[in-house]
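User: Please take a close look at the strands and at the side chains packed around them, in one connected account. I would like to know how the pairing, the core and the individual contacts fit together.

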Amino acid sequence: MSVAVTADEALLGLKVAFLVLLYLFVWLVVRSATRGLSAGAPQESIIVPAAEAAALRAAHGIAPRRVVVLASPALEAGTAIELTNSARVGRGAENAIRLDADTTVSSRHATIDSRPDGLWVEDEGSTNGTFVNGARVTSARLLQAGDVIRIGHTDLRVEA
């Protein structure tokens, strides 16, 4: 019983073998390239505890800033709010500064952002707007000590 292989069948077998080897090679390259990614590869960002973050800010000269509530249907007058990073203001539960009782405030009204160059406020497309010293905020605005931010019926005074 002899098996005769024609030239076309031999070439087909070689093509199939070549494709199998090619896919095997690509798989090995991808596997070796991704091997180190899941086992302790260095990351560009880290999470540090609040006390450590405060120490780092102090070391780099970034002082925490705060706003004081002047008047609000949702917050007690005289309450000081420390701002060490970005804080969203609104009625929604996801906001850092919640103004639930202020019906003129949007669910995601504004963002107060503490940056190295100062405290910034930006309106998040609210219906009734955000105001600083009576002027409507149309883009991110740098705040100064003594500025009054008005969000709905809530007034916040900026302190250094």
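Analyst: With ring centres required to lie within 6.5 Å of each other, the count of aromatic pairs comes to zero. This result, like the rest of the account, refers to a predicted model. An aromatic ring does take part in another kind of arrangement, since R115 lies over the face of W120, at 4.8 Å from the ring centre.

R115 leads on to the strand that carries it, because β5 covers residues 110-115. Strand β5 belongs to an open sheet of five strands, arranged in the order β4-β3-β5-β6-β9 with mixed pairing. At the edges of this sheet stand β4 (97-98) and β9 (141-143), and because each has a single partner strand, one side of each is left without a neighbour in the sheet. Within the sheet, β3 (residues 87-90) and β5 run antiparallel and are joined by three bridges, and R88 has T111 of β5 as its bridge partner.

Next to T111 in sequence comes I112, which is likewise placed in β5. I112 and R88 are 24 residues apart in sequence, yet their C-alpha atoms are 6.3 Å apart in space. The relative accessibility of I112 is 0%, which is why this residue counts as buried. Beyond its neighbours within four places in sequence, I112 is in contact with L83, N85, S86, A87, V89, L119, W120, V121, I149 and L156; W120, one of these partners, is the residue whose ring face lies under R115.

The contacts of I112 lead into the largest nonpolar core, which has 20 residues, and in which V67, L83, I112 and I149 touch the most other members. Two or more residues of this core come from each of β1 (65-71), β2 (80-83), β3, β5, β6 (118-123), β10 and β11. For V67, the contacts outside four places in sequence are T79, A80, I81, L83, L119, I149, L156, R157 and V158. L83, L119, I149 and L156 appear among the contacts of V67 and also among those of I112.

What distinguishes the two faces of strand β10? In this strand, residues 148-151, I149 and I151 form the covered face, whereas V148 and R150 form the uncovered one. Strand β10 pairs antiparallel with β7 (residues 130-132) through three bridges, and there F131 stands opposite R150. Strand β10 is also joined to β11 (residues 154-159), again antiparallel, by four bridges, with I149 opposite L156. The hairpin of β10 and β11 has two residues between the strands, and in it G152 takes a positive phi near 65 degrees.

A polar site can be set beside this nonpolar packing. S126 lies in the loop between β6 and β7, and at 10% relative accessibility this residue counts as buried, because the limit for that class is under 20%. The side chain of S126 makes a polar contact of 2.6 Å with the side chain of D123, and a second polar contact, of 3.3 Å, joins the side chains of S126 and H109. Leaving aside neighbours within four places in sequence, S126 is in contact with S106, H109 and R136.

Methods
Residues are numbered from 1 along each chain as its sequence is written. This is a predicted model: local features need pLDDT of at least 70, side-chain atom pairs count only at pLDDT 80 or more; totals for chains, interfaces and linings use all residues. Side-chain values use heavy atoms; hydrogens and water are left out. Two strands pair if DSSP finds at least two bridges between them. Buried means under 20% relative accessible area, exposed over 50%, partly exposed in between (1.4 Å probe, protein chains only). A nonpolar core is a set of buried Ala, Val, Leu, Ile, Met, Phe, Trp, Tyr and Cys residues joined through side-chain atoms within 4.5 Å. Contact means heavy atoms within 4.5 Å. Rings of Phe, Tyr and Trp (its six-membered ring) pair if their centres lie within 6.5 Å; planes under 30 degrees apart count as stacked, over 60 as edge-to-face and the rest as tilted. A charge sits over a ring if NZ of Lys or CZ of Arg is within 6 Å of the ring centre and within 35 degrees of the ring normal. A polar contact is a pair of N or O atoms within 3.5 Å; within protein, one must be able to donate a hydrogen and the other to accept it, and residues adjacent in sequence count only if both atoms are side-chain atoms.
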